[in-house]
Amino acid sequence: MQAVKQQAPSEALKGFLARYDGLRVRLPGNAAPRDAAAALLRDKGLPTPKEEAWHYTNLRSVAALDFQEPIADTQAGVDLLALLPKVEGPRLIFVDGRYRPDLSTSPDGLEVKSFAGTGVFGDLTKPERDRVVALNTMLTEDGIIIDVPAGFDAGFLMLAQLTSGRHRRVASHPRHRISLGEGARLVLLEVSAGIGEYLNNPVIEIAVAEGAHLTHGRLQQDSEDAFHLGTIYADTAANGVYDCFSLALGAKLGRTEIHARLGGEQAAVHLNAAQIMGGNQVSDFTTAISHDAPNCPSRQTVKSVLTGKARAVFQGRIEVARIAQKTDGYQMNQALLLSPDAEINSKPELEIYADDVKCSHGATVGALDPEQLFYLRSRGVPADQARMILVRAFLTDAFEAVAHEGLRDVFEHAVEQWWATTGKDAEAPAA
Amino acid sequence: MLEIKGLTAEIDGKQILKGIDLTIPQGEVHAVMGPNGAGKSTLSYVLSGREGYEVTGGTATFFGQDILAMEPEERAAAGIFLAFQYPVELPGVGNANFLRTALNSVRRARGEGELDAVQFLKQARAAVKKLAMSEDMLKRNVNVGFSGGEKKRNEILQMTMLQPKLALLDETDSGLDIDALRIVAEGVNASRGPNFSALVITHYQRLLDYIVPDHVHVLADGRIIRSGGPELAKELEADGYAGIIGEAAEAA
């Protein structure tokens, strides 16, 4: 038998651990969870493709790099605001992982606290199971803490995470916590964007109380040299709704991992997504939905549009506990491959312990239909515009799941922008 | 206006068109009739630029321009319109949006101004009414869930809006009942005038009772074997294709 070889910590991890040793006493809040996270990372390192959950996404390119601490520079950030989608309403701005009240406008009737000020970790994440969260736990400096009071409709709010890797390769680990009281409502647009090479590693903990409704739109437009590792833990009580739509357009390598729990009867979870990638981009959408109560629906439609040598992953796990009778789960993965070198990896996982449930899943992969293209072109529509129309048509039912019109506009505009700058050139017409 | 000389074309190495000579002057409606497999649809696809059809010889010019070298969208802008035998469904694409995008594409290419939503809707509604279509069809996805007759009417609607100089009507009568046939024919007849020509491709004479052609051509085995006036269609209806093909073979 071969002895298990202990891997030396990667370049990235060495830097992260050294930073933790240096920062430890200055980081906000209780050091115990941070110490535990550091010990776990020291012991196990960053995830590798040998682990099932990371089979399709290799963090080697992240691990090989040395990330530095962002410098506190109040001038930085102002120019990054141009990267934000044009949308009216209150906004909370983070630059390099730190809250910037000077760039933010607070929402009416909501108290906004910062993690730097409170230092209290939420209890939804499982850093002992998830080393990307552990990395965030170890090094997070700031985040937003929002409690929407019971019965209050907080309207629309943008939460932006901007990172500048222009001068140095930085890593940021914002740590947010959002709680909705009974019957409360919020429409949250979470945006990630930046310039240059960096790692954006946000963690959001979400608690939706009875009858509350959170609409969560995610727009990942990180720079083409960036890494995005975002994790969400959401817990939904009876009659509560967690409605999430995640659009990934950016980053060299990106992963969104969402753990959503249906904890009370008639709670609903929607984890919809679109991943639109070109070049050598890799995008991973990994979800775990836990049905822990009877009579709950969960819905997932995940669409990927891939050009060049891009690769997308959708891993969707649904766990139905014994108590969760009358569960209604639906999961659909559809990919449109615009080039012969693009690739989609799909892995549905259903783990069902209840005996009276309805869970369906499906996957389709295809290219643009030449008949449809010809039909459009024969009506005078130029080839690139015809392709865009068909790509948008493919995305239609994913976008239709976004009930909030303002959010849908943001997503549609982002896709059009992508097409104008990236998609159009990535796919030359077949000769 | 449209001048086809010695046109040969193949699909997957199989020759379908074996030397077509055909001239359609401005303002005339010509019918091409022929048995199944004669190459009628291939002719319309080659003229509109569908992929997969390889032109191996001959020429086709439209107002002196070599259309065979043009992209499908350039041919549309130049004024060629193909009404599909089997109109294509576009799930997720609204019919009104589709029409407006198409119309503004050709207007842009022709150097005309684009129509805004209000101007467009006004035109579209008027055209829909003329074709006895319900306005609901503008809101639905392109051809999705349309009946055979609705699909064909939708083709004629597009034709009416795009105002082509030459319409290629590929078996527009197939799958139509007599009422739909009359409406579609009226739509085509309404477009007739000194600046509109059409090539009506059909298997049956029936459509030509409603769209009366100036000339009729019989296409068999990739060649036009006979041309004549509208009476030729009647003759075909009475005697069938076999007779005419036989005569042509004897004469050859």
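Which residues in H1(B) are buried? I started there, keeping in mind that this is a predicted model.

**Entry 1: helix H1 of chain B**

I went through residues 40-48 of chain B, the helix H1(B). The buried residues are Lys40(B), Ser41(B), Thr42(B), Leu43(B), Ser44(B), Tyr45(B), Val46(B), Leu47(B) and Ser48(B). That is 9 of the 9 residues, so the helix is largely enclosed by the rest of the structure. I then looked at what comes next in the chain. Gly49(B) follows H1(B), and its phi is positive, near 95 degrees.

**Entry 2: helix H5 of chain A**

I ran the burial check on chain A too. Helix H5 covers residues 131-139, and 9 of the 9 are buried, so this helix is largely enclosed by the rest of the structure. I listed them: Arg131(A), Val132(A), Val133(A), Ala134(A), Leu135(A), Asn136(A), Thr137(A), Met138(A) and Leu139(A).

What covers the buried residues of H5(A)? I found helices and strands of chain A in the cover. The helices include H1 (11-23) and H2 (31-44). The strands include E6 (175-180), E7 (185-200), E8 (203-208) and E10 (227-236).

**Entry 3: H6 of chain B and its partners**

I took H4(B) first. Helix H4 (residues 117-130) and helix H6 (residues 148-162) of chain B have axes that come within 10 Å and cross at roughly 130 degrees. The two helices are therefore oblique to each other. Their crossing is right-handed.

Next I wrote down the contact. From H4(B) come Phe120(B), Gln123(B), Ala124(B), Ala127(B) and Val128(B); from H6(B) come Leu157(B), Thr160(B) and Met161(B). I sorted these residues by class: 6 are nonpolar, 2 polar and none charged.

Then I turned to H3(B), residues 95-109. H3(B) packs on H6(B) at an angle of about 35 degrees, with the axes 10 Å apart. This crossing is right-handed. On the H3(B) side I noted Asn95(B), Phe98(B), Leu99(B), Ala102(B), Leu103(B) and Val106(B). They meet Asn154(B), Leu157(B), Gln158(B), Met161(B) and Leu162(B) in H6(B). The classes here are 8 nonpolar, 3 polar and no charged residues.

I marked Leu157(B) and Met161(B) in H6(B), since they appear in the contact with H4(B) and in the contact with H3(B).

**Entry 4: positive phi outside glycine**

I looked up two residues here. Asn295(A) has phi near 60 degrees, a positive value in a residue other than glycine. Where is Asn295(A) found? I placed it in the loop between strand E14 (282-291) and strand E15 (297-306) of chain A. Its relative accessibility is 28%, so Asn295(A) counts as partly exposed.

Glu171(B) has phi near 45 degrees, again positive and again not a glycine. Glu171(B) sits in the loop between strand E9 (166-170) and helix H7 (178-191) of chain B. Is Glu171(B) buried or exposed? I read a relative accessible area of 10%, so Glu171(B) is buried.

**Entry 5: domain records**

I checked the annotations last. For chain B, an unreviewed UniProt entry lists residues 2-246 as "domain: ABC transporter". I computed 40% helix and 29% strand over that span, with its end C-alpha atoms 29 Å apart.

For chain A, an unreviewed UniProt entry lists residues 169-394 as "domain: SUF system FeS cluster assembly SufBD core". Over those residues I got 9% helix and 61% strand. The end C-alpha atoms of residues 169-394 are 36 Å apart.

Notes
Residues are numbered from 1 along each chain as its sequence is written. Chains are lettered from A and ligands numbered from 1 in the order in which they are written. This is a predicted model: local features need pLDDT of at least 70, side-chain atom pairs count only at pLDDT 80 or more; totals for chains, interfaces and linings use all residues. Side-chain values use heavy atoms; hydrogens and water are left out. Axes are lines fitted to C-alpha atoms, for helices over the stretch in contact, and angles run from 0 to 180 degrees between N-to-C directions. Helices (H or I, at least four residues) and strands (E, at least two) are DSSP runs, numbered from the N terminus. Angles under 35 degrees count as roughly parallel, over 145 as roughly antiparallel, 65 to 115 as roughly perpendicular and the rest as oblique. A crossing is left-handed if the near helix is turned anticlockwise from the far one by less than a right angle, and right-handed if clockwise. Contact means heavy atoms within 4.5 Å. Ala, Val, Leu, Ile, Met, Phe, Trp, Tyr, Cys and Pro count as nonpolar, Asp, Glu, Lys and Arg as charged, and the others, Gly among them, as polar. UniProt positions are given in the numbering used here, feature names are shortened, and annotations may be inferred rather than shown by experiment. Buried means under 20% relative accessible area, exposed over 50%, partly exposed in between (1.4 Å probe, protein chains only).
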